[in-house]
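Subject: Structure handover

Hello,

Here is the structure for your files. My notes on pockets, individual residues and strands follow below it.

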Amino acid sequence: MILDKNSAKKTAELLLQINAIKLKPESPFTWASGWQSPIYCDNRIILSYPQIRNFVREEMAKQVETLYGKPDVIAGVATGAIGIGILVAEALGLPFIYVRPEPKSHGRQNQVEGHLESGQNIVVIEDLISTGKSSLNAVNALKDAGANVKGMVAIFTYGFKVASDNFKNAEVALHTLSDYEHLIQQASDTNYIKEENLQTLMQWKTNPSQWKP
């Protein structure tokens with residue numbers, strides 16, 4: 001869900017500006033899942049641009065407070081959201097922890113790294129939502145550790161129905177700074193993409209796992 005449409009538009013503009021999101025309908029990317037896609041998103045690039053990094057930090061911190069007040073702890077999902085999660089925690093003056101995809105195979109075999117007490121209120125920070133599977137895996141790990149997960153705030157979502165269904169079924173609230181709809185609108189308004197490519201981008205969104213260029 002989008003909380004602030006102006007922020008969503010500005011976030012989309014900045015992500016396109018620094019090529020954190022690339023749109024190439026004429027020369028699609030191949031995701032790790034094997035899906036063919038006209039879009040590729042790597043929000044870790046944000047960390048290399050101080051002004052944009054600060055904008056994202058402040059917007060996410062503002063949304064966390066607006067939606068949930070001040071939680072006890074901010075949690076980032078490894079690895080993509082560790083950096084931005086730390087920035088949000090710093091902006092709010094809160095402790096930070098992060099969640100691995102799976103427990104370590106050695107040492108203390110932690111999946112949740114950092115100090116967490118049972119019953120603490122947590123807001124999870126994520127960089128990108130595709131199907132939501134890895135994000136909800138982190139939420140489950142936090143719940144297993146005794147945390148009270150209030151919700152998740154992410155930078156961007158593709159807006160897939162499967163993700164919406166997954167979050168709904170898990171009863172986890174998700175808000176994002178921007179999404180695919182605002183991104184395509186911004187790309188169209190600024191002539192980032194050609195008019196004839198708009199249809200391709202919209203077709204992909206309806207059935208991404210089966211889409212072929």
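Please keep in mind that this is a predicted model. I start with one residue, Leu 128, and work outwards from there.

Leu 128 has a relative accessible area of 21%, so it is classed as partly exposed; the cut-off for buried is under 20%. The residue belongs to strand β8. Leaving out residues up to four places away in sequence, Leu 128 touches Cys 41, Asn 43, Ser 135, Phe 156 and Tyr 158.

Asp 127 is also placed in strand β8. Asp 127 counts as buried because its relative accessibility is 12%. Beyond its neighbours within four places in sequence, its contacts are Asn 43, Gly 80, Ala 81, Ile 155 and Phe 156. Asn 43 and Phe 156 thus appear in the contact list of Asp 127 and in that of Leu 128.

The largest pocket

The largest pocket holds about 720 Å³ of space. Its lining is made up of 30 residues, and those closest to the centre are Ala 32, Asp 127, Leu 128, Ser 130 and Ser 134. Three elements give two or more residues to this lining: β4 (39-41), β8 (121-129) and α4 (133-144). The biggest share comes from α4, with five residues. By class, the lining of the largest pocket has 14 nonpolar, 10 polar and six charged residues.

There is a record to set beside this. UniProt, in an unreviewed entry, gives the feature "binding site" at Arg 100, Lys 104, His 106, Glu 126, Asp 127, Leu 128, Ile 129, Ser 130, Thr 131, Gly 132, Lys 133 and Ser 134. Of this set, the lining of the largest pocket includes Arg 100, Glu 126, Asp 127, Leu 128, Ile 129, Ser 130, Thr 131, Gly 132, Lys 133 and Ser 134.

The second pocket and the cavity

The second largest pocket has a volume of about 260 Å³. Sixteen residues line it, and Met 1, Thr 157, Gly 159, Ser 164 and Leu 174 are the ones nearest its centre. Here the elements that give two or more residues are α5 (161-170), β10 (174-179) and α6 (180-189). The lining of the second largest pocket divides into nine nonpolar, four polar and three charged residues.

How many cavities of 30 Å³ or more does the structure hold? There is one. The largest cavity has a volume of about 30 Å³, and its lining consists of Asn 43, Arg 44, Ile 46, Leu 47, Gly 80, Ile 84 and Ile 155. By class these are four nonpolar, two polar and one charged. Asn 43, Gly 80 and Ile 155 from this lining are also contacts of Asp 127.

The sheet

Six strands form an open sheet in the order β7-β6-β5-β8-β9-β10, and the pairing is mixed. At the edges are β7 (112-113) and β10, each of which pairs on one side only. Strand β5 (residues 73-77) and strand β6 (residues 96-99) run parallel and are joined by four bridges. One of the bridge partners is Val 99 in β6, which is matched with Val 77.

Around α6 and β10

Which residues of α6 are buried? They are Tyr 180, His 182, Leu 183, Ile 184, Gln 186 and Ala 187. The elements that cover these buried residues include α1 (5-17), β1 (21-23), β4, β9 (148-157), β10 and α7 (195-206). Asn 191 follows α6 and has a positive phi, near 60°.

Ala 173 is in the loop between α5 and β10. Is this residue buried or partly exposed? Ala 173 counts as partly exposed because its relative accessibility is 34%. Its contacts, leaving aside neighbours within four places in sequence, are Tyr 68, Lys 150, Gly 151 and Met 152. Ala 173 and Gln 17 are 156 residues apart in sequence, and their C-alpha atoms are 29 Å apart in space.

To go back to the main point, Asp 127 and Leu 128 are among the residues closest to the centre of the largest pocket, and UniProt lists both under "binding site" in the unreviewed entry.

Regards

Methods:
Residues are numbered from 1 along each chain as its sequence is written. This is a predicted model: local features need pLDDT of at least 70, side-chain atom pairs count only at pLDDT 80 or more; totals for chains, interfaces and linings use all residues. Side-chain values use heavy atoms; hydrogens and water are left out. On a 1 Å grid over the protein atoms alone, a cavity is a set of points where a 1.4 Å probe fits but cannot get out, and a pocket is an open set with protein on both sides within 12 Å along at least five of seven lines; lining residues have an atom within 4 Å of a point. Grid points are joined across faces, edges and corners, and a volume is the space filled by probe spheres set on the points. Ala, Val, Leu, Ile, Met, Phe, Trp, Tyr, Cys and Pro count as nonpolar, Asp, Glu, Lys and Arg as charged, and the others, Gly among them, as polar. UniProt positions are given in the numbering used here, feature names are shortened, and annotations may be inferred rather than shown by experiment. Buried means under 20% relative accessible area, exposed over 50%, partly exposed in between (1.4 Å probe, protein chains only). Contact means heavy atoms within 4.5 Å. Two strands pair if DSSP finds at least two bridges between them.
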